[in-house]
Amino acid sequence: MRQLPLARPACGRTIQGFVTRGTLLARAAALCLVAWPVAAQSPKAGNPAGPSLRLPLTPETAPLETAHGIVRLSALFAATDTQPVSDGLQWRIFEEVPGTDGNHKLVAQSTDATPNLSLPNGNFVVHAALGLAGATKRITINGTLLNETLVLNAGGLRIAGQLGDTPINPTKLSISIYVPERGNPEAKLVVANAKSGDTIGLPEGNYHIVSTLLDAAANGSASPTNSVISADLKVQAGKLTDATLRHRAATMTLKLVNNLGGEALANTAFTILTPGGDVIREMIGAFPSATLAEGEYVAIARHDSQTYQTTFKVESGVDKDVEVSAKETPPPEAP
């Protein structure tokens with residue numbers, strides 16, 4: 001019998017077979033890795049149990065959150081009030097125990113009239129502020145609803161300005177509030193540049209009010225005039241005090257003219273003085289304006305190295321032009 005030689009596969013085909021089988025094995029291993037968690041979650045009978053999984057924490061094993069409570073805050077102007085303060089409050093809550101730097105940590109704040117604030121259990125200090133008035137109270141949170149009312153022992157002050165019988169635009173008034181002090185004739189400034197018409201919260205007591213009429217300068221900024229009105233007022237807890245301060249002033253427009261009623265000369269420097277020589281205003285221009293308190297004044301005009309002057313009177317509410325005549329100065333007489 002004739003024996004046939006053993007068939008030998010081509011070398012290239014053998015290598016390709018190994019590569020193909022290797023690829024299939026790698027893919028099968030990857031599929032097993034992907035499918036393993038599924039098999040581990042539902043093992044079949046007879047199969048070895050899969051590795052333990054990290055399941056979410058149950059309520060029994062989860063860490064407990066810090067217990068919280070709610071504090072509902074309100075404030076009264078006076079202990080006899082029945083209605084709480086409805087606007088302008090600033091609430092701040094601090095930890096009772098100071099930190100290593102000696103300061104109390106701020107844990108909550110609100111501008112609501114009656115806020116509801118969530119706080120962890122513990123001791124805290126509540127501070128309510130309304131303008132310059134304020135009150136402080138210690139509270140304890142124990143996981144329940146806590147209602148707290150603070151008494152400010154304060155009142156409101158509202159100031160308005162009038163020029164004669166005409167209300168003054170709040171932008172043309174500067175109002176300062178002082179607290180009288182023993183041994184201090186000028187008192188202590190507690191509010192600077194308060195706005196006319198605003199309600200200012202103040203602790204109960206006596207106050208000195210100063211209202212200054214403002215004048216618009218050439219650059220658009222406001223400058224104080226010599227029209228200043230002051231008054232002493234008393235603020236009572238739980239009450240709103242309305243005060244109207246009346247200014248007596250008028251606006252004067254200065255002109256240097258060759259003839260009365262003529263055209264104003266440009267590049268003129270003006271100085272306004274009291275009869276006693278106190279300088280009130282200095283201005284430059286053809287016809288600058290100035291608001292002045294009621295009274296008598298001297299106007300000095302300087303133009304082309306020459307000086308001219310006149311006197312004039314200011315009546316409250318009567319705005320007018322003040323003309324300074326630029327007459328030639330007579331030459332000195334010959335000796």
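**Strand pairing, cores and selected residues**

Leu273 stands opposite Val279 in β18, a pairing that belongs to the antiparallel arrangement of β17 and strand β18 (residues 279–284), which are joined by five bridges; strands here are DSSP runs of E of at least two residues, helices are runs of H or I of at least four, and both are numbered from the N terminus, while two strands are taken to pair if DSSP finds at least two bridges between them. The model is a predicted one, in which local features need pLDDT of at least 70 and side-chain atom pairs count only at pLDDT 80 or more, whereas totals for chains, interfaces and linings use all residues. Residues are numbered from 1 along each chain as its sequence is written, and side-chain values use heavy atoms, with hydrogens and water left out.

Taken as a whole, the protein chain contains one helix and 22 strands. Of its 335 residues, 31% count as buried (buried is under 20% relative accessible area, exposed is over 50%, and partly exposed lies in between, with a 1.4 Å probe and protein chains only). The accessible surface comes to about 22,200 Å², and 53% of this belongs to carbon and sulfur atoms (Shrake-Rupley method, 1.4 Å probe; for residues, only the protein chains shown count as cover). Among the contacts in the chain with a separation of 6 or more, 57% are accounted for by residues 24 or more positions apart, a contact being heavy atoms within 4.5 Å.

Strand β17 (residues 269–273) is mostly covered, with four of its five residues buried. With β18 it forms a hairpin that has five residues between the two strands, and Gly277 in the turn has a positive phi of about 100°. β17 also pairs with β20 in the antiparallel sense, over five bridges, and in this pairing Thr271 stands opposite Ile300 in β20. Strand β20 (residues 295–303) also holds Val298, which is classed as buried because its relative accessible area is 16%. Leaving aside residues up to four places away in sequence, Val298 touches Thr271, Ile272, Leu273 and Thr274, together with Gln309, Thr310, Thr311 and Phe312. Of these, Thr310 is twelve residues from Val298 in sequence and 5.9 Å from it in space, C-alpha to C-alpha.

An open sheet of four strands follows the order β11-β10-β13-β14, with antiparallel pairing. Because β11 (184–194) and β14 (222–235) stand at its edges, each with a single partner strand, one side of each is left without a neighbour in the sheet. The twist from one strand to the next averages 25° (the axes being lines fitted to C-alpha atoms, for helices over the stretch in contact, with angles running from 0 to 180 degrees between N-to-C directions). Within this sheet, strand β10 (residues 173–181) and strand β13 (residues 205–216) run antiparallel and are joined by six bridges, with Tyr178 standing opposite His208 in β13.

Edge strand β14 includes Thr225, which is classed as buried because its relative accessible area is 10%. A polar atom of the Thr225 side chain lies 2.8 Å from the backbone oxygen of Leu213, and a polar atom of the same side chain residue, Thr225, lies 3.1 Å from the backbone nitrogen of Ser227. Beyond its neighbours within four places in sequence, Thr225 is in contact with Thr212, Leu213, Leu214, Asp215 and Thr291.

In soluble globular proteins, nonpolar side chains tend to be buried together. The largest nonpolar core has 21 residues, among which Val71, Trp91, Ile93, Leu119 and Leu152 touch the most other members (a core is a set of buried Ala, Val, Leu, Ile, Met, Phe, Trp, Tyr and Cys residues joined through side-chain atoms within 4.5 Å). Two or more residues are given to this core by each of β1 (68–76), β2 (90–95), β4 (116–120), β5 (122–130) and β6 (133–141). A second, separate core of 20 residues includes Ala290, Leu292, Val314 and Val322.

Most residues other than glycine have a negative phi. Asn153, in the loop between β7 (145–151) and β8 (154–163), has a positive phi near 50° and is partly exposed, with a relative accessible area of 41%. Asn267, in the loop between β16 (249–257) and β17, has a positive phi near 55° and is exposed, with a relative accessible area of 66%.

Definitions and conventions. A polar contact is a pair of N or O atoms within 3.5 Å; within protein, one must be able to donate a hydrogen and the other to accept it, and residues adjacent in sequence count only if both atoms are side-chain atoms.
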